[in-house]
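Dear colleague,

Please find the structure below, together with its sequence. My notes on what was found in it follow directly after.

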Amino acid sequence: MKFKQFLKSKGAIASIFMGIFYAVAMLGIFLPGYTAIPGNMDELKIAIVNEDKGESGNQIAGQLGESLPFKTIETDLTNKQALKDLEHNELALVIHIPENFSADAQSGKGTNIDFTVNEASSTMVSSSMSSVVTQINNELSANFSQQTAQGILMNFNLPKEQAAEMAEQIENSYTGNYVIMNDVPTGMHNSMLPMFLTMAGFSQT
């Protein structure tokens with residue numbers, strides 16, 4: 001069979017059509033998905049669970065609610081319900097301020113806030129939330145260290161041991177706990193597995 005005749009055959013025409021259709025379908029599906037982030041990042045839902053009844057917890061919860069670039073921020077959920085919604089990808093991030101946050105801050109103990117991300121969600125979403133958490137932690141750590149230092153600097157002529165202890169207190173005045181739900185094993189192939197499975201499924205249809 002000549003090449004021109006082969007190209008005019010039903011099998012060749014069907015193969016060429018499916019090849020073009022598959023390429024267009026893949027572009028039509030994946031490109032909108034990848035352009036949604038960071039363009040539509042403000043559409044993601046997060047929860048701020050403040051169990052602390054003190055001034056510090058309420059102040060931080062209020063500041064986060066105003067400064068974070070998200071339209072929908074849930075504040076009336078329990079931590080258990082928020083984590084359940086995160087498990088089902090109804091939330092992208094859960095920020096949990098513990099009950100003793102203000103008390104620990106006032107007593108000079110180390111304070112902490114839990115930031116929980118679901119690694120089983122889209123790679124773009126989890127990586128974006130990781131960047132948001134890093135930025136929040138850097139700002140809170142700087143603020144708490146400054147406040148602790150201001151209190152300590154009121155005491156001069158301290159013994160060496162006491163000075164070292166207070167220096168450690170400044171360093172550990174705040175800790176942001178980055179909690180991972182459904183941790184994905186290390187390796188790009190693991191995080192890209194859902195896309196590979198989708199592509200394989202398309203090739204079988």
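N89 lies in the loop that connects helix α4 (79–87) to strand β3. Please note that the model is a predicted one. Just after α4, N89 adopts a positive phi of about 60°, although N89 is not a glycine. With a relative accessible area of 44%, N89 counts as partly exposed, because that class covers values between the limit for buried, under 20%, and the limit for exposed, over 50%.

The helix that comes before this loop has two sides that can be told apart. In α4, the residues N79, A82, D85 and L86 are buried. They cover an arc of only 125° around the axis, and therefore they sit on the same side of α4. K80 and K84, on the other side of α4, are exposed.

After the loop comes strand β3, which spans residues 93–97. How many of the five residues of β3 are buried? The count is five of the five, so the strand is largely enclosed by the rest of the structure. In a regular strand, the side chains alternate between the two faces of the sheet. In β3, L93, I95 and I97 point one way, while V94 and H96 point the other way. The residues of both groups are all buried.

Strand β3 also has pairing partners, and these may be followed in the structure one at a time. With strand β1 (residues 45–50), β3 pairs in the parallel sense over five bridges. One position to look at here is H96 in β3, which is the bridge partner of V49. With strand β4 (residues 111–118), β3 pairs in the antiparallel sense, over three bridges. Here V94 stands opposite T116 in β4.

A last position to look at is S122. Where is the place of S122? This residue belongs to the loop between β4 and helix α6 (123–152). Is S122 buried, partly exposed or exposed? Its relative accessibility is 41%, and so S122 counts as partly exposed. The C-alpha atom of S122 is separated by 9.6 Å from that of A92, although the two residues are 30 residues apart along the chain.

When you open the structure, I would suggest reading these notes in the order given: the loop with N89, the helix α4, the strand β3 with its partners, and finally S122.

With kind regards

Conventions: Residues numbered from 1 in each chain as written. Predicted model: local features only at pLDDT ≥ 70, side-chain atom pairs only at ≥ 80, totals over all residues. Heavy atoms only, no water. Buried < 20%, exposed > 50% of the residue type's maximum accessible area, 1.4 Å probe, protein only. Helix = DSSP H or I, 4+ residues; strand = E, 2+ residues; numbered from the N terminus. Pairing = 2+ DSSP bridges. Arc of directions from axis to C-beta.
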